[in-house]
Amino acid sequence: MTWSDEELVSRSIGGDADSFNQLVLRWERPIYALAYRVIGREEDARDVCQETFLRAFRALGGFRGQAKFSSWLYRIALNLCRDWVRRQRRTPVVQMPEDVDAMELAASREPSEPIEDLVARRDLTRVVEKAMARLPVEQRTAIILKEYHGLTFQEIADMVGCPLSTVKTRLYQGLTVLRRELSQTPR
Amino acid sequence: MTETLCNYPERDELLVSHLYDDIDSAERSAFGSHLSTCRYCQEDLSALRAVRSTLSTWAPPEPAFSRSEFRAPSPESRAWWHDVPVWAQVAAALFVLGISATIANLDVRYDRSGLTIRTGWSTPQSVPGNATPWRAELTAFETQMRNEYDAKQQAALAVPVAAPKAPTISEEELRRRVSVLLDERERRFQNETALAVANVMKDYQRQRQADLASIQRTIGFVQNNALSEQLKQREAVNYLLKVSQTR
């Protein structure tokens with residue numbers, strides 16, 4: 001039987017550790033993806049992901065279910081990302097080697113994917129990562145939450161604590177900057 | 001970047017709402033009819049759709065989660081007695097100590113002969129007069145033990161020790177057993193050799209396949225590089241031709 005997030009939460013509060021582990025399994029990838037896209041470093045994203053679940057576990061008793069569990073979790077993760085960015089005091093830079101190792105690249109490709117397509121896909125990913133890294137963190141966060149996590153504008157506004165119109169403006173501005181960056185970058 | 005030459009109220013917000021289809025029906029309808037007539041908004045929307053399409057290619061690297069990374073501290077991992085108050089634990093310990101002392105009939109005395117601790121239910125026998133009555137008994141017991149030991153030693157020397165009788169096996173039986181052992185050993189050796197050969201063959205095949213795959217990948221990459229170089233050269237030639245034609 002598949003339990004909903006809220007059911008798993010209430011079982012976890014009741015002392016069922018396995019239920020919380022199920023929540024971790026369900027949400028660790030989205031949380032990691034969010035952290036990676038915001039801060040741009042794989043190891044730090046993993047740390048943020050782990051810390052998110054630890055904090056969630058400790059604060060589980062305080063979760064009253066006014067918001068969705070996922071929104072609550074995203075908020076914790078975003079706060080941790082924000083702390084990370086503040087600590088680093090620099091624009092996050094996505095780690096990407098200048099010269100891509102062809103062998104490593106080829107080893108990671110899908111069996112049916114021609115190597116030319118793989119190189120093109122990797123190049124495009126690099127271009128997107130670099131362009132995203134140049135955006136202010138507010139715009140980047142809004143784009144990530146909307147584009148990759150499918151949150152509504154209202155959910156994003158509640159999560160980051162700003163008016164609905166601000167979220168939309170940030171998205172528009174961010175996408176417009178990306179449009180310019182992506183058109184200028186040679187692919 | 002397209003210059004915004006459209007003055008539709010809250011145009012940017014509505015455009016982004018329309019882009020993500022996160023817009024209520026009234027606004028969708030109104031903005032939809034504007035879109036059908038506004039060239040700037042159409043271009044902008046189309047360009048932002050292209051950006052979204054490009055963004056969809058960005059996937060984070062596969063996380064290397066190990067199951068040991070997160071361990072929810074389970075309530076069972078806490079020993080049950082952590083939940084019992086300290087005063088109750090002390091009281092329980094004293095109670096157990098008291099019960100044990102009662103069962104063991106602990107008798108603690110302190111008098112002129114010093115501290116005496118005695119356990120057990122047997123009552124001490126009173127020995128009149130002699131202060132150390134056990135010493136004479138102990139000496140007598142020792143003498144008795146020595147005598148018994150000496151007597152047993154002498155008896156053992158008197159009886160010759162019989163050598164253990166070896167089981168008798170016929171020569172035919174012995175040959176048969178040796179032959180069986182040799183056969184078994186040979187069979188085991190053959191099995192081990194076959195296994196080793198199979199392993200070597202398997203390793204060889206695996207290595208061969210890996211080498212072939214590696215060569216194939218390298219060739220693909222080289223071809224890709226060559227193709228890319230060729231394209232660059234073609235672009236350069238085209239550029240030169242274009243420049244030469246314009247002058």
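Let me begin with one detail of chain A, where the crossing of α1(A) and α2(A) is left-handed. Before going further I should say that what we are looking at is a predicted model, and everything I describe this morning should be heard with that in mind.

Staying with this pair of helices, the axes of α1(A), which covers residues 5-13, and α2(A) come within 7 Å of each other and cross at roughly 145 degrees. On the α1(A) side the residues that meet the partner helix are A:D5, A:L8, A:R11 and A:S12, and on the α2(A) side they are A:S19, A:F20, A:Q22 and A:L23. Sorted by class, the residues of this contact are three nonpolar, three polar and two charged.

Now follow α2(A) to its other neighbour in this talk, α3(A). Here the two axes come within 8 Å and cross at roughly 140 degrees, and that angle makes α2(A) oblique to α3(A). What is the hand of the crossing where α2(A) passes α3(A)? This one is right-handed, whereas the crossing of α1(A) with α2(A) is, as I said at the start, left-handed.

The residues that bring these two helices together are, from α2(A), A:F20, A:V24, A:E28, A:I31, A:Y32, A:A35, A:Y36 and A:I39, and, from α3(A), A:E42, A:D44, A:A45, A:R46, A:V48, A:C49, A:T52, A:F53 and A:F57. By class, this contact of α2(A) with α3(A) has twelve nonpolar residues, one polar residue and four charged residues. If you look down the list from α2(A), it helps to remember that an α-helix has 3.6 residues a turn, so residues three or four places apart point the same way. You may also notice A:F20 in both contacts, since A:F20 of α2(A) meets α1(A) and is also among the residues that meet α3(A).

Let me step back to chain A as a whole. Chain A has nine helices and zero strands, and when it is read along the sequence the pattern is simply α-α-α-α-α-α-α-α-α. Of its 187 residues, 35% count as buried, and among the contacts in chain A between residues at least 6 apart in sequence, 65% join residues that are at least 24 apart.

Chain B is built from another set of elements, namely six helices and two strands, which follow one another along the sequence as α-α-α-α-β-β-α-α. Buried residues make up 6% of the 247 residues in chain B, and residues 24 or more positions apart account for 46% of its contacts with a separation of 6 or more.

How many residues does each chain bring to the contact between them? Chain A gives 42 residues and chain B gives 29 residues. On the side of chain A that touches chain B, the elements that give two or more residues are α2 (17-39), α3 (42-58), α5 (102-107), α6 (115-134), α7 (137-147) and α9 (164-184). The largest share of that side, eleven residues, comes from α9(A). In terms of class, the side of chain A that touches chain B has 21 nonpolar, eight polar and 13 charged residues.

Since α9(A) gives the largest share, let us look at this helix by itself. At 1.5 Å a residue, the 21 residues of α9(A) should span 30 Å, and its end C-alpha atoms are 31 Å apart, which agrees. Its buried residues are A:V167, A:K168, A:R170, A:L171, A:Y172, A:G174, A:L175, A:T176, A:V177, A:L178 and A:R179.

I will finish with a few single residues in chain B. B:E10 lies in the segment before α1 (11-19) of chain B, and B:E10 has a positive phi of about 50 degrees although it is not a glycine. Is B:D21, in the loop between α1 and α2 (25-35) of chain B, buried or exposed? With 7 C-beta neighbours inside 10 Å, B:D21 counts as exposed, and B:D21 also has a positive phi, of about 55 degrees, although it is not a glycine. B:E10, by contrast, is partly exposed, with 13 other C-beta atoms within 10 Å.

The last residue is B:Q42, which is found in helix α3 (residues 39-55) of chain B. With 14 C-beta neighbours inside 10 Å, B:Q42 counts as partly exposed, and its C-alpha atom is separated by 9.5 Å from that of B:L15, a residue 27 positions apart from B:Q42 along the chain.

Key:
Residues are numbered from 1 along each chain as its sequence is written. Chains are lettered from A and ligands numbered from 1 in the order in which they are written. This is a predicted model: local features need pLDDT of at least 70, side-chain atom pairs count only at pLDDT 80 or more; totals for chains, interfaces and linings use all residues. Two residues are in contact if their C-beta atoms, placed from the backbone, lie within 7 Å. Helices (H or I, at least four residues) and strands (E, at least two) are DSSP runs, numbered from the N terminus. Ala, Val, Leu, Ile, Met, Phe, Trp, Tyr, Cys and Pro count as nonpolar, Asp, Glu, Lys and Arg as charged, and the others, Gly among them, as polar. The expected span of a helix is 1.5 Å times one less than its number of residues. A residue is buried if 20 or more other C-beta atoms lie within 10 Å of its own, exposed if 12 or fewer, and partly exposed in between; C-beta atoms are placed from the backbone. Axes are lines fitted to C-alpha atoms, for helices over the stretch in contact, and angles run from 0 to 180 degrees between N-to-C directions. Angles under 35 degrees count as roughly parallel, over 145 as roughly antiparallel, 65 to 115 as roughly perpendicular and the rest as oblique. A crossing is left-handed if the near helix is turned anticlockwise from the far one by less than a right angle, and right-handed if clockwise.
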